[in-house]
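Biologist: Could you take a close look at the aromatic rings of this structure with me, and then lead me outward from there to its sheets, its cysteines and its loops? I am in my first year, so please go slowly and connect each step to the next.

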Amino acid sequence: MKFVLSALLAGSFLLSAAEIDFNRDIRPILSDKCFHCHGPDGGEFGEMWKGGLRLDVEDAAKADLSEIKFQVKNAKRKAEGKELSTKKSKARFAIVPGKPEESSLIERVFTDDEDDIMPPSDSLHSLSVAQRNLLKDWIEQGAPWGKHWSFEAPVKAELPSVKNSDWIKTEIDNFVLRQLEANNLKPSPETDKTTWIRRVTLDLTGLPPKPEDVDRFLGDDSGKSYEKVVDRLLTSQAYAERMTLEWLDAARYADTSGYQYDSPRTMWPWRDWVINAFHKNIPYDQFVTEQLAGDLLPNATLQQKIATGFNRNHGFTIEGGTIDEEYRVQYVNDRVNTFGTVFLGLTMDCTRCHNHKYDQLTAKDYYSISAFFDKIKERGRVGGRPLASEPVANMPLYDGEEVKRMEQELHASLKSPMSAGDEAKYKTWYDEFYAQKSSLKVVSAVSSGGSTVEKLEDYSFKFTGKIPNEDTYTFIADADTGQFNSLSLEVLPDPSMVKNGPGRADNGNGVLSFITLQVGTKGDPKSFKNIRLREAYADHTQKGFSVGNILKNNTNGWAIEGNNKHDKRIAVVGIQKPFKTKADQQFRIRLHFKSPHAKHSFGRVRLNLFEAKAKEAFATLKMKEDFTKGKIKENKLKEYYLKNFDRKVGALVAKLNREKKNIVQVMVMEEKPDVRKTHILERGEYDKKGEEVFAETPAALPPFKADYPKNRLGLAKWLVDETNPLFSRVTVNRYWQMLFGIGLVKTTEDFGSQGEKPSHPELLDWLSVDFRESGWDLRQLMKKIVLSATYRQSSNIRSDIEDPENRLMARGARFRLQGELIRDQALYAAGMLSAKTGGPSVYPYQPAGLWMELSNRPGFRMIYKQDTGESLYRKSMYTFWKRALPNPSMTAFDAPERDICVVKRAQTNTPLQALTLMHDPTYQEAARVMAVDVLNDNPNIDDAIVQAFRKVLTRKPAADEIEILKDVYTQKMSILNKRPELITGQLSVGEFESRNNLDQKKLAAFTTVCHTLFNLSETITRN
């Protein structure tokens, strides 16, 4: 007799009344049919509970409806300032335990009156006869209640007893077999060892096994052969990458920022952190904690901060017309939704605008969680085209060992004795370093605004008296004969100025708008011409007022922040072309103060010309200032001189500095507790702030412990606490889904009332507790599953049971591989797949012009530049992921765009997938390269077919399969004999060079055989 799965999972009505269970049998009916009107969302006063009935809470469901309606009515009247009502209707109950005849719920669901029947006839939620009877029988037995199963803490039950105990290999099997035996079913036979090693290798590494690994496994008769394979796989780098690939969808990782321009971003260092974490097998609670709150850990490392990029993987906009706060709120919403989906399995987004319609989650819960993620200083609209938006962490890309070697070489150079000539040069510099010498002899200085000018003994000029709103200081100066490369400006503090500082504004500040340098003949004002200036350096710049502004008459100018800091300021500008002075020439230097901030001129300044270039001149001035203040000791002057003026040492310093500057900015979290308050947003609108809320977890879940900090670190502690009923369940379920194609809970993203109940509840709970008790050892969890008899079963379809989704696990799982693994498998079989781990994303083959189709503004276009060499053959997980248009070979196989977190990919079968396998150059190229490799080893076609077959499918081909592939080869040879011009086209696909002395026609024909193997259903299916 054929067993029907629906009778087990959905047909609880077939059970006798004595077996009725609220969570299993009643709650799904109420949730699906009734909660929309009688669920958690009752509105502000409860007015949305139709008839005063609320069915998601026991006390409310069994309460006097007339009393509830009376209270709701008065609550509204009180809010409106009206007189309260004193009358209420006769008591009426929807549910009277043990008395269905007195329960209005039963009356309404059984009535034939279209005006009274519940659910309403036009609601599309009608109850079946069996469901009505089940509700009646449940009330008759006393209407026992219970929390939703996923909100109850998991319990590690005793292992079930089974009849066929010999079948058991791990604890998992007890639970699976108990259910099979309860339904008079037997497990499927164990699959053959070749199929198992292919299955487990694909599942744990994303790659097929090598033929030599298969042979070693088949020849191992020890009782540990399966375990040896699993241990080898779990410690491999490929396992870490496979687990990371699974995590990227959940973490919505992408290499672009989404929204209108979908511009590039730099987040791959976070991806590298994930790979490293899986490779080290850090405890899963630590894995999650560092991603949620690594920056809040004591003495947080750079890598722990980078881990928090998980929270910043959402997109950001650079569009100028967007409202900053609107988009900032969207980013926070994304973090809340991701947190709820990935770690709690709850549809948190349903509560962004109102209380949840089906689960006991409120809008207040939503914004209380958002308060944990709301305390970073970020912007909603990011200006320009940044690769990262604040807050960021700087991650060095340089080789630490190489830097260490260069530092040792530099140290040795600094300690080596100077030659006599170099010593003399140093002595000259040393004397000049101490001298108060000026190469610029100012002969006149005037203020266009009428300020009084006084020349001081240290060659500086002080401006006092009248302070105009705008001013220009003009200096006429002679100069020593020589060549000059830079002009310095020192802004000096003075006791006569505001706060004894350098600026003349009321607050002590000053802003230089721009500077001009001219040269002309003495006595001929009309002869002066501009000298072009280039780079600018300053020892201090007020935020938003860069020193570079003084080169281009920028409105902001260079602000010295004299209102806060009252010290000396130094700026140096470079002369574009070295200038040689003549005896009859003079300089005219003008400092223009045109800031919108009135009276923001400088009080005392000193000018000078330097033979050194701007960077060196600035360094010398800064060095002298630090030396004067005692920040630098005299014994360090020679070291400074060598670094800045010795060619060999200077080159080494420059190289070392370039290496150390080789960094990348990564978006991270950085807590700013006082940055803003969090409010409930009415209808989710960013500008409609309601009640202020504080960081807290949902009231329906276990409480947030008093000793947990009210920040993301505390949230992580609450999440992994043993009292949390969801985190471990949701995690275990997601990895079960990875290995079986479907979770123990089918709705991986929804463990709430609208989600599907577990197919094996006790197994899910047992694994959840065991995972936690193991110290959150993910490898142990994976090992326990893949070594089970349940996992080892044959995946052949069974005719004695209708269970297309394999919910009973009466056979091994069978499902199509995801696109990344299909591509990687082809490259791996051909020996082309790069073993390089981590690093920036790459650009493999892609049809030309795709990105241009999505570019709506020329200046923001991203041009797809296909990689060459090894980068073409990196694993698919490293492919550059553009949210608006991911690699088409991946999207053909249901890869998501990653605009939002995805914990379960779609599984479709479309003609486009077949076309991708046939025409994507990756598969044609891989077929060619593999054909060269195989034919070099096997001149005989039969032997070549066997080897190619094993490379792709792991197993050896049957005799009839060899004949079929030989026929493919023969037919292709026949075609090429007639049309030899096709050979060149087929063998020229792709850039991978394979040197060979093979017959080109034979190679082209066998390439077709290999290409056929890549297109087989068995190749892209995990059996």
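**From the rings outward**

Modeller: A search of the whole structure, which is a predicted model, finds 46 aromatic pairs. One of these can stand as our close-up: the ring centres of Phe175 and Trp766 lie 6.2 Å apart and their planes meet at 50°, so the pair is described as tilted. The pair links distant parts of the chain, since Phe175 belongs to helix H8 (residues 171–182) and Trp766 to helix H25 (residues 761–773), with the two positions 591 residues apart in sequence. Phe175 is buried, and Trp766 is buried as well. Trp766 also has a charged companion, for Lys156 lies over the face of its ring, at 4.7 Å from the ring centre.

A second charge over a ring takes us to another part of the chain, where Arg874 lies over the face of Tyr878, at 4.2 Å from the ring centre. Both of these residues are touched by Val842, whose contacts, not counting residues up to four places away in sequence, are Asp867, Ser871, Arg874, Tyr878, Thr879 and Phe880. Val842 itself lies in the loop between helix H28 (819–829) and helix H29 (850–853). Although it sits in a loop, Val842 has a relative accessible area of 5%, and because buried means under 20%, it counts as buried. For a sense of distance, Val842 and Leu410 are 432 residues apart in sequence, and their C-alpha atoms are 36 Å apart in space.

Another loop residue invites a similar reading. Met267 is found in the loop between helix H12 (237–250) and helix H13 (268–280), and with a relative accessibility of 0% it counts as buried. Leaving aside neighbours within four places in sequence, Met267 is in contact with Tyr253, Ala254, Gly309, Asn313, Val666 and Met667. The C-alpha atoms of Met267 and Phe310 are separated by 9.4 Å, although these residues are 43 places apart along the chain.

Let us now turn to the sheets. Strands of a sheet pair through backbone hydrogen bonds, either parallel or antiparallel. Six strands form an open sheet here, in the order S4-S5-S15-S7-S13-S11, and the pairing is antiparallel. Strand S4 (452–455) and strand S11 (533–538) stand at the edges with a single partner strand each, so one side of each is left without a neighbour in the sheet. On average, and with direction ignored, neighbouring strands of this sheet are turned by 20° against each other. Within it, strand S5 (residues 461–464) is joined by two bridges to strand S15 (residues 604–610), the two running antiparallel, and Phe461 has Val605 in S15 as its bridge partner. A helix also meets this sheet: helix H20 (residues 614–628) lies across strand S7 (483–491), S11, strand S13 (569–580) and S15, and it runs at about 150° to S13.

There is also an open sheet of five strands, in the order S3-S6-S14-S9-S10, again with antiparallel pairing. Its edges are strand S3 (440–447) and strand S10 (529–530), and each has a single partner strand, so one side of each lacks a neighbour in the sheet. Strand S9 (residues 514–521) pairs with S10 in the antiparallel sense over two bridges, and there Gln518 stands opposite Asn530. S9 also pairs with strand S14 (residues 585–593), in the antiparallel sense and over eight bridges, and in this pairing Leu517 stands opposite Ile589. Seven of the eight residues of S9 are buried, so this strand is largely enclosed by the rest of the structure.

Finally, the cysteines. The count of disulfides comes to zero, and a single example shows the reasoning. The sulfur of Cys350 is 9.8 Å from the closest cysteine sulfur, which belongs to Cys353, and because a disulfide needs sulfur atoms within 2.5 Å, this is too far for a bond. Looked at from the other side, the closest cysteine sulfur to that of Cys353 is the one in Cys350, at 9.8 Å, which is again too far for a bond. Cys350 counts as partly exposed, at 35% relative accessibility, and Cys353 likewise counts as partly exposed, at 29%.

Technical notes. Residues numbered from 1 in each chain as written. Predicted model: local features only at pLDDT ≥ 70, side-chain atom pairs only at ≥ 80, totals over all residues. Heavy atoms only, no water. Pairing = 2+ DSSP bridges. Helix = DSSP H or I, 4+ residues; strand = E, 2+ residues; numbered from the N terminus. Axes fitted to C-alpha atoms, helices over the stretch in contact; angles between N-to-C directions. Contact = heavy atoms within 4.5 Å. Phe/Tyr/Trp six-rings, centres within 6.5 Å; stacked < 30°, edge-to-face > 60°. Buried < 20%, exposed > 50% of the residue type's maximum accessible area, 1.4 Å probe, protein only. Lys NZ or Arg CZ within 6 Å of the ring centre and 35° of its normal.
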